[in-house]
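Visitor: I would be grateful for a close look at a single part of this protein and the surroundings that cover it. Please follow the charged pairs as well, and give the cut-off behind each term.

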Amino acid sequence: MPEERLAGREPLYLASLERAVRLGATMLGDGASSLDTVEAVVRLLEEDPLFNAGKGAVYNHEGTHELDASIMEGRGLRCGAVAGVRTVRNPVTLARLVMERTPHVFLAGEGAEAFAREAGVEIVEPSFFDTPGRREELERELAKSATSGSPTPELGTVGAVALDRAGDVAAATSTGGRTNKRYGRVGDVPVIGAGTYADNRTGAISATGKGEEMIRHAAAANVSARVEHAGAALEDAVREVVHQVLEPGDGGMIAVSPDGVLVLDFNTEGMFRGAADSAGRFEVAIRSPARTGP
């Protein structure tokens with residue numbers, strides 16, 4: 001992320017990451033399913049204006065918000081996704097309802113909005129997602145594109161992966177996309193196999209970064225395939241995709257294996273991240289090293 005946005009705010013981001021990780025760890029410790037856990041963690045991050053998802057999502061070129069999300073469980077490969085929603089307070093919950101209440105996987109735009117009203121999820125005015133900081137980012141990018149034609153759009157995604165007591169993995173991802181993106185642009189987040197994938201045989205993966213590159217390389221499914229078909233350890237598969245398939249600066253991934261190995265890897269200067277397990281691991285970080293704690 002741009003240093004001007006991070007400057008002086010690292011403690012705020014780390015505190016938010018700690019809350020999210022603690023919520024997930026507490027739920028799993030209490031016996032919650034991995035699916036319930038990743039939805040709850042992503043919902044928490046969608047409510048946090050520090051992150052590019054839900055409240056605090058970036059603006060597109062027209063000065064509006066278009067939100068994307070997906071969710072997937074490793075048992076049975078059930079999944080759901082939504083793209084281009086503008087009034088749904090928590091897109092990840094709508095994605096789960098697409099999975100559970102329809103025969104479909106992916107709903108977009110007006111169709112997703114109509115389903116949201118039918119499903120009874122919380123609807124808000126589009127202005128609910130506005131934040132002054134994101135407006136400033138859009139104005140900077142519009143100015144850059146007008147003078148140089150070389151914008152450096154703000155990226156960002158929130159995601160969670162989990163393994164529960166039953167041995168089921170799940171992943172969920174949500175985003176506002178790219179600052180100054182073209183109206184109607186859809187990135188990797190709602191594309192199952194690109195930004196999100198979960199399979200009890202291989203693990204759960206959530207990606208962040210340049211969505212177009214994640215789609216081109218089917219990044220999340222690529223990791224899973226290396227585990228399933230090449231016999232790679234999840235950690236090695238993530239490293240190969242992040243550092244050999246993707247280009248430097250493209251992004252990173254979080255993942256959890258069926259036996260509880262947590263993987264957090266990226267080829268950017270930093271990645272907002274956190275991890276916790278039943279052995280007592282608890283850490284959050286933006287760059288390296290991670291900050292650890294009880």
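Guide: Helices (H or I, at least four residues) and strands (E, at least two) are DSSP runs, numbered from the N terminus. What is shown is a predicted model, in which local features need pLDDT of at least 70 and side-chain atom pairs count only at pLDDT 80 or more, while totals for chains, interfaces and linings use all residues. Residues are numbered from 1 along each chain as its sequence is written, and side-chain values use heavy atoms, with hydrogens and water left out.

The part chosen is helix α3, which runs over residues 34-46. A simple check concerns its span, where the expected value is 1.5 Å times one less than the number of residues. For the 13 residues of α3 this gives 18 Å, and the end C-alpha atoms are 18 Å apart, so the two values agree.

Helix α3 is mostly covered, with 10 of its 13 residues buried. Buried here means under 20% relative accessible area, exposed means over 50%, and partly exposed lies in between (1.4 Å probe, protein chains only). The buried residues of the helix are S34, L35, T37, V38, E39, A40, V41, V42, L45 and E46. They therefore include two glutamates, E39 and E46, beside residues such as L35 and V38. The cover comes from several directions in the sequence: α2 (10-29), β1 (67-73), α4 (91-101), β4 and β5 are among the elements that contact the buried residues (heavy atoms within 4.5 Å).

One of the buried residues of α3, S34, is also touched by a loop residue, D168. D168 sits in the loop that joins β4 (158-163) to β5 (169-175), and both of these strands are named among the cover of α3. With a relative accessibility of 12%, D168 is itself buried. Beyond residues up to four places away in sequence, D168 touches R75, A162, L163 and N200 in addition to S34.

The charged residues of the helix deserve separate attention. Side chains of opposite charge can pair when their charged atoms come close. A salt bridge is counted when a side-chain nitrogen of Lys or Arg is within 4 Å of a carboxyl oxygen of Asp or Glu, and the structure holds 21 of them. In one, the side chains of E39 and R96 meet at 2.8 Å, N to O. This pair links distant parts of the chain, since E39 belongs to helix α3 and R96 to helix α4, 57 residues apart. Both partners are buried: E39 has a relative accessibility of 12%, and R96 has a relative accessible area of 14%. The pair also belongs to a network of salt bridges that links D36, E39, R96 and E100. Thus α4 takes part in the cover of the buried residues of α3, and a salt bridge between E39 and R96 connects these two helices.

Two other salt bridges make a useful comparison. The side chains of R226 and E240 meet at 2.9 Å, N to O. R226 lies in helix α8 (residues 219-230) and E240 in helix α9 (residues 234-245), so this pair ties together parts that are 14 residues apart in sequence. R226 is partly exposed, at 23% relative accessible area, and E240 is likewise partly exposed, at 23%. In a further pair, the closest N and O atoms of E141 and K144 are 3.6 Å apart. Here the two residues share helix α6 and stand 3 residues apart, about one turn of the helix. E141 is buried, at 6% relative accessible area, whereas K144 is partly exposed, at 31%. Helix α6 covers residues 132-147 and also contains E139, which is partly exposed at 47%. The C-alpha atoms of E139 and E125 are separated by 22 Å, although the residues are 14 places apart along the chain.

A final site lies in strand β2 (residues 79-85), where A83 is placed. A83 is buried, with a relative accessible area of 2%. Leaving aside residues up to four places away in sequence, A83 touches L67, D68, F106, L107, A108, G109, V186 and P190. Of these, G109 is 26 residues from A83 in sequence, yet their C-alpha atoms are 6.2 Å apart. V186, found in the loop between β5 and β6 (196-199), is partly exposed at 35% relative accessibility.
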